[in-house]
Amino acid sequence: MKIRGLGYVGLQGPDPKRWLDFATNVCGLEPARAVPGDAVRPGAEGGNAIASDGTAYLKMDDWQWRIAVHPDERPGLRYFGLEVGGAEELANAGKELERAGLKVSQATAQELSTRGIHGMLSVADPAGNRVELFQGVTKDRAIQSPRGVSRFVTGALGMGHLVLMVPDLEKAKDFYCRVLGFALSDYVMFGPGMGVWFLHCNARHHTIALVHVGPVSALHHMLIEVGGIDDVGCALDRAIAAGLPITSSLGRHANDHMFSFYMKSPFGFDVELGTGGRLVDESWTPNQFIDGDIWGHKGLTAEAIKAAAT
């Protein structure tokens, strides 16, 4: 199976508009001009990016949307979409998942409409996360960042990465590597059986990272990668001005070389906003890192990650 990249993310929480405001005013994403299933006339301005059910949609490039924020009392990750090459690739992926003994659900017409995609099937990973494999998207004009962000790094690298806390590391690694075809980039150990394992499916250093610190399943953070250092610095200024907790100071990671900071999003999990991520290729071999950072990222410690799991 060949996964192209992380295509979209569905979040949930009590007040989607809070997350919409955070993503727009701090991160610089643009509210979608129309929710999936609707259309915008050429040259017309979009609506408020909020669907009739209260879901808010955000764009970060020329896709109609990349992040959906659904209303729910429980904040966290609802689903994420991994892109495959086309209809044939999607059908073959479904067969591979079934051969691996997994229950596969085919998308309904309503689900395809609300995602704005052509085909999709879903499966639960060993931690209970809803993983959607999809093909075909709805495109719109290029993003017009309301905060002047030069660009968001997407394209062939996908929209960023997710770091997932998993209760059973070996089962999670088997699912993402053996079944879905991700490859190990590198890993960092916190202690016996505890650490972070970074997995890639394209040239982005990691699209999925698996964290094991105990019996917990949750989203630790998602990455939004921007075009340059000034984009990161300006976002940090906006986050501080908004009174958001900065959970990790500016720094550069030792493994993927991302220059970034971490902030607490309105739904509790972190958002890493950074630039300059390292690229890998077919000659890449996995490494173990002793230190997680070249410099900075004060606050991003094993103890803090364990605390986030409680």
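Reader: Which residues on the other side of α2 are exposed?
Author: Glu88 and Arg99. "Exposed" here means over 50% relative accessible area, while "buried" means under 20% and "partly exposed" covers what lies in between (1.4 Å probe, protein chains only). One thing to know up front: this is a predicted model, in which local features need pLDDT of at least 70 and side-chain atom pairs count only at pLDDT 80 or more, while totals for chains, interfaces and linings use all residues. Residues are numbered from 1 along each chain as its sequence is written, and side-chain values use heavy atoms, with hydrogens and water left out.

Reader: And which residues of α2 are buried?
Author: Leu90, Ala93, Gly94 and Leu97.

Reader: What makes you say they line one face of the helix?
Author: Looking down the axis of α2, the buried residues fall within an arc of 100 degrees, so they sit along one face. The arc is taken from the directions that run from the helix axis to the C-beta atoms. It fits a general pattern: an α-helix has 3.6 residues a turn, so residues three or four places apart point the same way. As for what they pack against, the buried residues of α2 meet β7 (117–124), β8 (130–137) and α4 (169–179).

Reader: Why is the length of α2 said to agree with what a helix should span?
Author: The expected span is 1.5 Å times one less than the number of residues. For the 13 residues of α2 (residues 87–99) that gives 18 Å, and the end C-alpha atoms are 19 Å apart, so the two agree. The label "helix" itself comes from DSSP: helices are runs of H or I with at least four residues, strands are runs of E with at least two, and both are numbered from the N terminus. Just after α2 comes Gly101, with a positive phi near 85 degrees.

Reader: Why is Arg115 called buried?
Author: Its relative accessible area is 9%, which is below the buried cut-off, so the word applies. Arg115 is found in helix α3 (residues 109–115). Leaving aside residues up to four places away in sequence, Arg115 touches Tyr8, Pro36, Trp65, Tyr79, Met120, Arg130 and Glu132. "Touches" means heavy atoms within 4.5 Å.

Reader: Why does Met165 count as buried?
Author: Met165 has a relative accessible area of 1%, so it too passes the buried test. This residue belongs to strand β9 (residues 161–165). Met165 and Ser217 are 52 residues apart in sequence, yet their C-alpha atoms are 5.1 Å apart in space.

Reader: How do you know that β10 and β11 pair?
Author: Two strands pair if DSSP finds at least two bridges between them. β10 (residues 183–191) and β11 share 7 bridges, in the antiparallel sense, so they pass that test. One of the bridges puts Gly191 opposite Met194 in β11. β11 also joins strand β12 (residues 208–212) through 5 bridges, again antiparallel.

Reader: What makes β11 mostly covered?
Author: For β11 (residues 194–200), 7 of its 7 residues are buried. Met194, Val196, Phe198 and His200 point one way, and Gly195, Trp197 and Leu199 the other. That matches a general rule: in a regular strand the side chains alternate between the two faces of the sheet.

Reader: Why is the pair Glu30 and Arg141 called a salt bridge?
Author: The term needs a side-chain nitrogen of Lys or Arg within 4 Å of a carboxyl oxygen of Asp or Glu. The closest N and O atoms of Glu30 and Arg141 are 3.7 Å apart, so the pair qualifies. It links distant parts of the chain, with Glu30 in strand β2 (residues 30–31) and Arg141 in the loop between β8 and β9, 111 residues apart. Glu30 is buried at 8% relative accessibility, whereas Arg141, at 26%, is partly exposed.

Reader: How many salt bridges does a search of the whole structure find?
Author: There are 16. Among them is Lys264 with Asp270, at 3.4 Å from N to O. Lys264 is partly exposed at 29%, and Asp270 is buried at 7%. Salt bridges with shared partners also join Glu111, Arg115, Arg130 and Glu132 into one network.
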